[in-house]
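Take a look at the model shown here. The report that follows walks through a few of its features.

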Protein chains: 2
Amino acid sequence: MVKMIDVAKLANVSTATVSRVLRNPESVKETTREKVLRSIAELNYQPNVLARHFRRSKTNTILVIVPNIENTIFSQMVQGIEAAAAQNNFRVLLGNTNRNVDKEYDFLNLLRQRQVDGMILLSGKIDNQTLNELVEQYPVVLVSEYLEGVDITTVCIDNVTCGRIAAEHLIKLGHKRIAHISGSKGTLLSRDRLIGYLQAITHSGLKLDDRLIREGDFSFESGYKQMQELLRLENRPTAVFASSDEMAMGVIKATKDQGLKVPGELAVVGFDNIRFSSIFDPGITTVAQPAIEMGNTSMELLLQHLNDPSFQHKKIMLKSELVIRESCGWNVKGKVE
Amino acid sequence: MVKMIDVAKLANVSTATVSRVLRNPESVKETTREKVLRSIAELNYQPNVLARHFRRSKTNTILVIVPNIENTIFSQMVQGIEAAAAQNNFRVLLGNTNRNVDKEYDFLNLLRQRQVDGMILLSGKIDNQTLNELVEQYPVVLVSEYLEGVDITTVCIDNVTCGRIAAEHLIKLGHKRIAHISGSKGTLLSRDRLIGYLQAITHSGLKLDDRLIREGDFSFESGYKQMQELLRLENRPTAVFASSDEMAMGVIKATKDQGLKVPGELAVVGFDNIRFSSIFDPGITTVAQPAIEMGNTSMELLLQHLNDPSFQHKKIMLKSELVIRESCGWNVKGKVE
DNA sequence: ATGAAAGCGCTAACAA
DNA sequence: TTGTTAGCGCTTTCAT
């Protein structure tokens, strides 16, 4: 293995100069620099990255903690993160937790051991105290979810507004009995979407009916199951706003399985705009969450933090919009908001 | 930062002993070991992983090169890889190439720089010569795709047989005009599935019709487009075997858009068994590729290689099976091996 | 603008 | 079974 000292000898300089050429070229006289670069090329020298990491206590690697990489919405965010990282010569270490909190805590050690320079969380299962400690010591960005009681850089969308827009869309179409299937109530994001839904119903003067509000867990199966229950009501809803596209698909499947038509006998709005929501039949009208952009933005904020120790925590709210497809029928034209 | 020497002093031993307790506990007398462990706990000592990586020229990290992490079939494989890695105290570095060959070559440097101990390829765009050089020097496993002219450990399924089974299923249902939409012909895997299809058609005595064989690229869009062309034939097919579930969905969408029914007026078999193939309406009959298991297996082979320098390259072929859903109608019962 | 040299913290070969 | 010690290859401070 050819090392720095070999290059130095060939170029008749010290290792310090070779190091400078590599990390801080302007600080070296041009003729010297060229001499060194020629030696590097001639010997086909490759710096030992591990030595460098050790010496500098930096790895140019960040950790992404994701509940489940199989889930489209998360893999899209990771895609955005990876792209931004690669552009800035950073690597992405994957921390898949399978929604297992212990695994999540395990991964945090990678930060403490300085195996990664920073972290992006696509999941908010860690307790506030641990997170606060972490955030004080290391660059961390939280994406999609957000928390109360932790001062942390966050990238998210306005879930209250999004929930309201989704419900308003159904109201505009003339629906009076509009159900909502939320994500797990344990997440602020789910509660906010519910709040948006409640705002829309209340402001429009429609009657609120508790039985039309149900809790799911974002999965197809939970959407299917909750819809089955809704269909059993003597006065069933004519429209459903589901807090994820997967649940919306479950809703539609359950409805079709009862011999009812979507659209026609039920209007459905989903959330996320995952790729399959346009492939599904009917195409799902949904609130588009800009997942790739969210990933991108979070990585860029993390880089800012990494490069600037005095970085102040920021809350970034990205735009999202309603994408109209077939699942509600076509009584409304064009985009909303 | 508390370091090994601090622990050593507190425990009245040398750093070597502390190191042994950490890496090779059996080689230390029990009483000494306990003394050291107590000191570690008392000081809350965390080993400096970067120093260890440097010293040992090993990182306990592997690289996964994936064409597109957004794509379900790949994210499932990655899921399997990550799970097996985590279990063995290995990390996974994500190398998303977006099907960009240059990025793929870039990532290879992580191996050469020893930033990762090994690599799993979910994509086969690298030229044989480079790959051969790499495989000689570093542990590498190729998953799903396979190559001629490179002696490399491979985890895959029997695509010829799978292609044959898919086509045979349609033949058994009584179809005479069965089309095939392949993946990109550049991949052996696509060619093998096509071969399987050809075998089935030929053996059954059906007439081969070139116009029924079309090339896609695994995407929904390509399935849609190729199906549009097939529908324009004066003698259109009554069944289609598509080489991916996404293409199968494109096929179904295109057919429905022409006012035809699936199943009923067209039978469709897909490939992969991604999550959405059961959610899609109609549920897609498909050749199940055990993506998570493939990921798992590949990681385990990589670990074997990492732990055993004399490891001999292996070719592992995993079982896959036809999953019957609604997209072909219900004339055949149960599973077909 | 450049060089000399002191480590970074750990591991492992060798010695005892 | 345990200790001594020489580095691993690079970066960076300090001196020139």
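## A backbone contact

This is a predicted model. In it, a phosphate oxygen of DNA strand C has a backbone N or O atom of Met4(B) 2.7 Å away.

## Contacts with bases

Two arginines of chain A reach bases of DNA strand C. Arg20(A) has a side-chain N or O atom 2.6 Å from a base oxygen of the strand. Arg55(A) places a polar side-chain atom 2.7 Å from a base nitrogen of DNA strand C.

## The surface near the strand

In all, 27 residues surround DNA strand C. The nearest are Arg20(A), Thr32(A), Lys3(B), Tyr45(B) and Arg55(B). Of the strand's atoms that come within 4 Å of the protein, 59% belong to sugar and phosphate.

Which helices of chain A and chain B each supply at least two residues of this surface? In chain A they are helix 2 (15–23) and helix 4 (49–56). In chain B they are helix 2 (15–23) and helix 4 (49–56) too.

The residues of the surface near DNA strand C are of mixed character. The split is 10 nonpolar, 8 polar and 9 charged.

## A residue in helix 5

Now turn to Ala86(B). This residue sits in helix 5 of chain B, which covers residues 72–87. Is Ala86(B) buried, partly exposed or exposed? Its relative accessibility is 30%, so Ala86(B) counts as partly exposed. The cut-offs explain this: buried means under 20%, and exposed means over 50%.

Ser75(B) is 11 residues from Ala86(B) along the chain. Their C-alpha atoms are 16 Å apart.

Technical notes: Residues are numbered from 1 along each chain as its sequence is written. Chains are lettered from A and ligands numbered from 1 in the order in which they are written. This is a predicted model: local features need pLDDT of at least 70, side-chain atom pairs count only at pLDDT 80 or more; totals for chains, interfaces and linings use all residues. Side-chain values use heavy atoms; hydrogens and water are left out. A residue is near a molecule or strand if one of its heavy atoms lies within 4 Å of it. A polar contact is a pair of N or O atoms within 3.5 Å; within protein, one must be able to donate a hydrogen and the other to accept it, and residues adjacent in sequence count only if both atoms are side-chain atoms. Helices (H or I, at least four residues) and strands (E, at least two) are DSSP runs, numbered from the N terminus. Ala, Val, Leu, Ile, Met, Phe, Trp, Tyr, Cys and Pro count as nonpolar, Asp, Glu, Lys and Arg as charged, and the others, Gly among them, as polar. Buried means under 20% relative accessible area, exposed over 50%, partly exposed in between (1.4 Å probe, protein chains only).
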